[in-house]
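Subject: The structure I promised you

Hi,

Here is the structure we talked about, ready for you to open. Have a look around it first, then read on for what turned up.

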Amino acid sequence: MTAAKPPATPSSPHVMNTYGRLPIALSHGQGCRVWDVNGREYLDALGGIAVNTLGHNHPKLVPALQDQLTKLIHTSNYYHIPHQETLAAMLVERSGMRNVFFCSTGLEANEAALKLARKFGHDKGIERPEVVVYEKAFHGRSIATLSATGNPKVQAGFGPLVDGFIRVPANNIAALKAATVGNPNVVAVFMEAIQGEGGVNTMHMEYLREVRALCDASDWLLMIDEVQCGMGRTGKWFAHQWAGIQPDVMPLAKGLGSGVPVGAVVAGPKAAHIFAPGNHGSTFGGNPLAMRAGIETIRIMEEENLLANAATVGAHLKNALHTALAEHVENGGVKEIRGQGLMLGIDLAKPCGALVQQAADQGLLISVTADTVVRLVPPLILSQAEADQVVAILAPLISTLLKETA
Ligand SMILES: *Cc1c(COP(=O)(O)O)cnc(C)c1O
């Protein structure tokens, strides 16, 4: 690694201006490392935003995808797709749920979940079904999913929002009951087990169990958006499994295909038969290439024990951050270091967006979310030595930022 600043990469006038991009263009990667077009090396603690489960250029994934490319990339859901049946069975087995609908992205999985909730309501005579959603939630950027999202910045400029949502604070069962008491139109509770974009905010285990019980007692669907926190990131296949509960509907995407776009909605017994032919679809959903990526991702995760790796390296990383930032944890500059496995957030007492470029200058890719939270969602193959390197680069930068007078 050199100390030189990466040269600015001006964005093309032909690419729509939807992202504030760093002046970095990446060219290739290997494991948890990526290189930019100028040959500069970075340790990737962002993993394409919790997408690159197996890191980059994985020696088992790449040949499997190459093999698939020569066979079939896409057919159509007019035909049976054997790889779809295989991946569905793998997800059913690992979740204990019933069946799966495939799509290509997170918002698309969440749209399907919201449609399931509405039809669940209509099927029992509820004309105007309502879904409980959460403060600080993020569910995507389509009109329905941005309406379910609890962030005014995501919604600004896109009204009128979809109605039929009731918003409640996290981890407060009394507030959930108060917001829904006597309302016959409620059909579902929709939440992330760990909110990603909202700042790595975890739902408490006890709260998840209380919501499960309330959904059972009320005949509501419990829908847990595991798009970011699922697929092994927390050390179990799905984050809700830490609470010993099972949702009725579980959207997945991000890490499911290790970088190949794949989304899925997994349904339990209560939601498995809501859709019938004609109710929902997706042209790209469940195509052979995407399915092969999902199958191989799960297979390789098991061969390489990546759930255990996410748990142990994640715990090591969290401890090492605590140790390196002890002074600031004590004086409140670091408000909390939270999350589970390899989904961690360092919540600072001041905005810290500047850290993203500063870390990149030192050869580390991270993100900052909810203004004050450094988010680490690296590939699940991260080694302990690589975790130590994350801390060695990041902790001094956080320390310096916190010592600056505003
Ligand atoms: C990223 C994310 C989404 C949206 O996924 P896209 O693939 O960008 O549409 C939805 N829910 C959660 C929890 C996410 O983290």
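Before anything else, a bit of vocabulary: a helix here is a DSSP run of H or I with at least four residues, and helices are numbered from the N terminus. Please also keep in mind that this is a predicted model.

With that in hand, find H322, which sits in helix α10, covering residues 306–324. Is H322 buried, partly exposed or exposed? Its relative accessible area is 33%, so H322 counts as partly exposed. Leaving aside residues up to four places away in sequence, H322 touches V329 and I337. For a sense of distance, pick A243: it is 79 residues from H322 along the chain, and the C-alpha atoms of the two are separated by 25 Å.

Next, the helix packing. Helix α9 (residues 288–303) turns up in two pairs, so I'll take them in turn.

The partner in one pair is α2 (residues 61–71), and the axes of α2 and α9 come within 10 Å, crossing at roughly 155 degrees. An angle over 145 degrees counts as roughly antiparallel, and that is why α2 and α9 get that description. The crossing of α2 past α9 is right-handed. On the α2 side, the contact is made by L61, A64, L65, D67, Q68 and L69, while α9 brings P288, L289, R292, A293, E296, T297 and I300. Sorted by class, that contact has eight nonpolar, two polar and three charged residues.

The partner in the other pair is α3 (residues 82–95). Here the axes are 8 Å apart and the packing angle is about 40 degrees, so α3 and α9 are oblique to each other. This time the crossing is left-handed. From α3, the residues in contact are H83, Q84, T86, L87, M90, L91 and R94; from α9, they are P288, M291, R292, G294, I295, I298, R299 and E302. The class count for this contact is seven nonpolar, four polar and four charged residues.

Now some backbone oddities. Most residues other than glycine have a negative phi, and most peptide bonds are trans. Try checking these spots against that:

- K136 is not a glycine, yet its phi is positive, at about 70 degrees. K136 lies in the loop between β5 (130–134) and α5 (143–148), and with a relative accessible area of 51% it is exposed.
- M231 is not a glycine either, and its phi is also positive, at about 55 degrees. M231 lies in the loop between β10 (221–225) and β11 (249–252), but it is buried, at 3% relative accessible area.
- G159 and P160 are joined by a cis peptide bond, with omega at about 0 degrees. You'll find P160 in the loop between α6 (152–155) and β6 (165–168).

Last, the cysteines. How many disulfides does the structure hold? Zero. Take C229 as an example: why is it not bonded to another cysteine? The closest cysteine sulfur belongs to C103 and is 16 Å from the sulfur of C229, which is too far for a bond, given that a disulfide needs the two sulfur atoms within 2.5 Å. C229 is also buried, with a relative accessible area of 0%. C32 counts as buried too, at 2%.

Happy exploring, and write back if anything is unclear.

Cheers

Terms used: Residues are numbered from 1 along each chain as its sequence is written. This is a predicted model: local features need pLDDT of at least 70, side-chain atom pairs count only at pLDDT 80 or more; totals for chains, interfaces and linings use all residues. Side-chain values use heavy atoms; hydrogens and water are left out. Buried means under 20% relative accessible area, exposed over 50%, partly exposed in between (1.4 Å probe, protein chains only). Contact means heavy atoms within 4.5 Å. Axes are lines fitted to C-alpha atoms, for helices over the stretch in contact, and angles run from 0 to 180 degrees between N-to-C directions. Angles under 35 degrees count as roughly parallel, over 145 as roughly antiparallel, 65 to 115 as roughly perpendicular and the rest as oblique. A crossing is left-handed if the near helix is turned anticlockwise from the far one by less than a right angle, and right-handed if clockwise. Ala, Val, Leu, Ile, Met, Phe, Trp, Tyr, Cys and Pro count as nonpolar, Asp, Glu, Lys and Arg as charged, and the others, Gly among them, as polar.
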